[in-house]
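Dear colleague,

I am passing on the structure below, and after it I set out what was found when going through it. Please read the notes with the coordinates open beside them.

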Amino acid sequence: MFGMDGDCDVTDRFRLSSEFMIYPVFSSEDCKMLGRIEEGMTIDDYLALKPFVNANLLFRLDDIPEDLPLKTTFTVDIELADGRHITSTTPAVTIDHLR
C-alpha cells in the first residue's frame, strides 16, 4: 500500500474520523476535559494530549492508495503506560475505489 513494504508503519496515513468530533477528550493525568477531537487530527496529535483513550475510535485513510483494489491486514500495537503492549490484527480487508 502506498508503495511501501507489507510490514511498514502507516500510522501517518490515518486520521481520526470526524464521526468522533462530538466526543470530548479527557486527560488521563488529571481527568480534565481537553477539548474535542479535531477534524483531520493525526493519531500522534491525539495521543500527545495524553487522553483517556476511547475504546471505539475510528480512523480513516487520509489518501486513497494508488494501487487499488488491494487486500491487506492491519496490525494495531498499543503501548500502555506501564510498557505493556496490546496488539491486534484485523482479518483481511479489501480496499477498493470509493463510489
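D45 is partly exposed, since its relative accessible area is 45%, and, because patches are made of residues with over 30% relative accessible area and no salt bridge, this value is high enough for D45 to be taken into one. The patch in question is negative and lies on the surface, where D45 is joined by D9, D12, E38 and D44. As for its place in the fold, D45 belongs to helix α1, which covers residues 43-48. Please keep in mind throughout that this is a predicted model.

A second patch, nonpolar in character, is formed on the surface by F26, M33 and F52 and takes up about 290 Å². Of its members, M33 sits in strand β3, which runs over residues 33-36, and with a relative accessibility of 47% M33 is classed as partly exposed.

Turning to the protein as a whole, its secondary structure consists of one helix and eight strands, which follow one another along the sequence in the order β-β-β-α-β-β-β-β-β. Of the 99 residues, 22% count as buried, while the accessible surface amounts to about 7400 Å², with 52% of that area belonging to carbon and sulfur atoms. Finally, where contacts between residues at least 6 apart in sequence are considered, 46% of them join residues that are at least 24 apart.

With best wishes

Methods: Residues are numbered from 1 along each chain as its sequence is written. This is a predicted model: local features need pLDDT of at least 70, side-chain atom pairs count only at pLDDT 80 or more; totals for chains, interfaces and linings use all residues. Side-chain values use heavy atoms; hydrogens and water are left out. Patches are made of residues with over 30% relative accessible area and no salt bridge: like charges are joined within 9 Å, nonpolar side chains (Val, Leu, Ile, Met, Phe, Trp, Tyr) within 5 Å. Accessible areas come from the Shrake-Rupley method with a 1.4 Å probe; for residues, only the protein chains shown count as cover. A salt bridge is a side-chain nitrogen of Lys or Arg within 4 Å of a carboxyl oxygen of Asp or Glu. Lys and Arg count as positive and Asp and Glu as negative; His and the chain ends are not counted. The place of a charge is taken as NZ of Lys, CZ of Arg, CG of Asp or CD of Glu. Helices (H or I, at least four residues) and strands (E, at least two) are DSSP runs, numbered from the N terminus. Buried means under 20% relative accessible area, exposed over 50%, partly exposed in between (1.4 Å probe, protein chains only). Contact means heavy atoms within 4.5 Å.
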